[in-house]
Amino acid sequence: MPIQPADVLYTAVATAENGRDGRVATDDGTLDVVVNPPKEMGGSGTGTNPEQLFAAGYSACFRGALAVVARREKADVTGSTVTAKVGIGKNDDGFGLIVEISANIPNTDGETARALLKKAHEVCPYSRATRGNITVTLV
């Protein structure tokens, strides 16, 4: 069920200038970066790009969800990391995204780690927002 405006605890605000080849900044100034298309898409590749920003946000959010799930399951995820690989490519409607999420969870066995990843994928806000819209693979 979607949240309602009254449920919002925080709102991030960012503004982009000149699209994929310009600049993006948050209203509080904590993020202010040059964005350029990657070389693979004909750009200079000198700045960051929207896919890198999405991967950064998704991996951070997913790691937070992993911690929430681990607390519930009484599992130790100390020192764990989450990596999100975000790909962009052409589809029938123009362009689409695909995501691969992996984690290094040093204090758990493989079976427990896979179970934690699946549960984190169910509660992560990024995963919930993209479910049914893009392919997300847990590895």
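Helix H2 covers residues 110-123, and its length checks out: at 1.5 Å a residue, its 14 residues should span 20 Å, and the end C-alpha atoms do sit 20 Å apart. Keep in mind that this is a predicted model.

H2 has two sides worth looking at. Ala-113, Leu-116, Leu-117, Ala-120 and His-121 are its buried residues. Looking down the helix axis, you'd see these fall within an arc of 140°, so they line one face of H2. That fits the general pattern: an α-helix has 3.6 residues a turn, so residues three or four places apart point the same way. On the face turned away from the buried side you'll find Glu-111, Arg-114 and Lys-118, which are exposed.

What do the buried residues of H2 pack against? Their partners are helix H1 (50-73), strand S5 (94-104), helix H3 (125-130) and strand S6 (135-138). Back at the start of H2, Asp-109 brings a side-chain oxygen to within 3.1 Å of the backbone nitrogen of Glu-111.

Now for the core. The largest nonpolar core has 20 residues, and those touching the most other members are Tyr-58, Phe-62, Leu-66, Val-77, Val-99, Ile-101 and Ala-120. H1, strand S4 (81-91), S5 and H2 each put in at least two residues, with H1 giving the most, seven. Val-99 has plenty of company from farther along the chain: leaving out residues up to four places away in sequence, it touches Phe-54, Tyr-58, Lys-85, Val-86, Ile-134, Thr-135, Val-136 and Thr-137.

There are four aromatic pairs in the structure. Phe-54 and Tyr-58 make one with ring centres 5.7 Å apart and planes at 70°, so this pair is edge-to-face. The two are four residues apart in H1, which means about one helical turn between them. Ring pairs also tie Phe-54, Tyr-58, Phe-62 and Tyr-126 into a cluster.

Thr-130, found in helix H3, is in contact with Phe-54, Tyr-58 and Val-136, setting aside neighbours within four places in sequence. Its side chain also reaches the backbone oxygen of Tyr-126 at 3.0 Å. Thr-130 and Lys-85 lie 45 residues apart in sequence and 14 Å apart in space, C-alpha to C-alpha.

Here is how Thr-130 and the two ring partners compare for burial:

| Residue | Relative accessibility | Class |
|---|---|---|
| Phe-54 | 22% | partly exposed |
| Tyr-58 | 0% | buried |
| Thr-130 | 10% | buried |

The cut-off for buried is under 20%, so Phe-54 at 22% counts as partly exposed.

Note on methods: Residues are numbered from 1 along each chain as its sequence is written. This is a predicted model: local features need pLDDT of at least 70, side-chain atom pairs count only at pLDDT 80 or more; totals for chains, interfaces and linings use all residues. Side-chain values use heavy atoms; hydrogens and water are left out. The expected span of a helix is 1.5 Å times one less than its number of residues. Buried means under 20% relative accessible area, exposed over 50%, partly exposed in between (1.4 Å probe, protein chains only). The arc is that of the directions from the helix axis to the C-beta atoms. Contact means heavy atoms within 4.5 Å. A polar contact is a pair of N or O atoms within 3.5 Å; within protein, one must be able to donate a hydrogen and the other to accept it, and residues adjacent in sequence count only if both atoms are side-chain atoms. A nonpolar core is a set of buried Ala, Val, Leu, Ile, Met, Phe, Trp, Tyr and Cys residues joined through side-chain atoms within 4.5 Å. Rings of Phe, Tyr and Trp (its six-membered ring) pair if their centres lie within 6.5 Å; planes under 30 degrees apart count as stacked, over 60 as edge-to-face and the rest as tilted.
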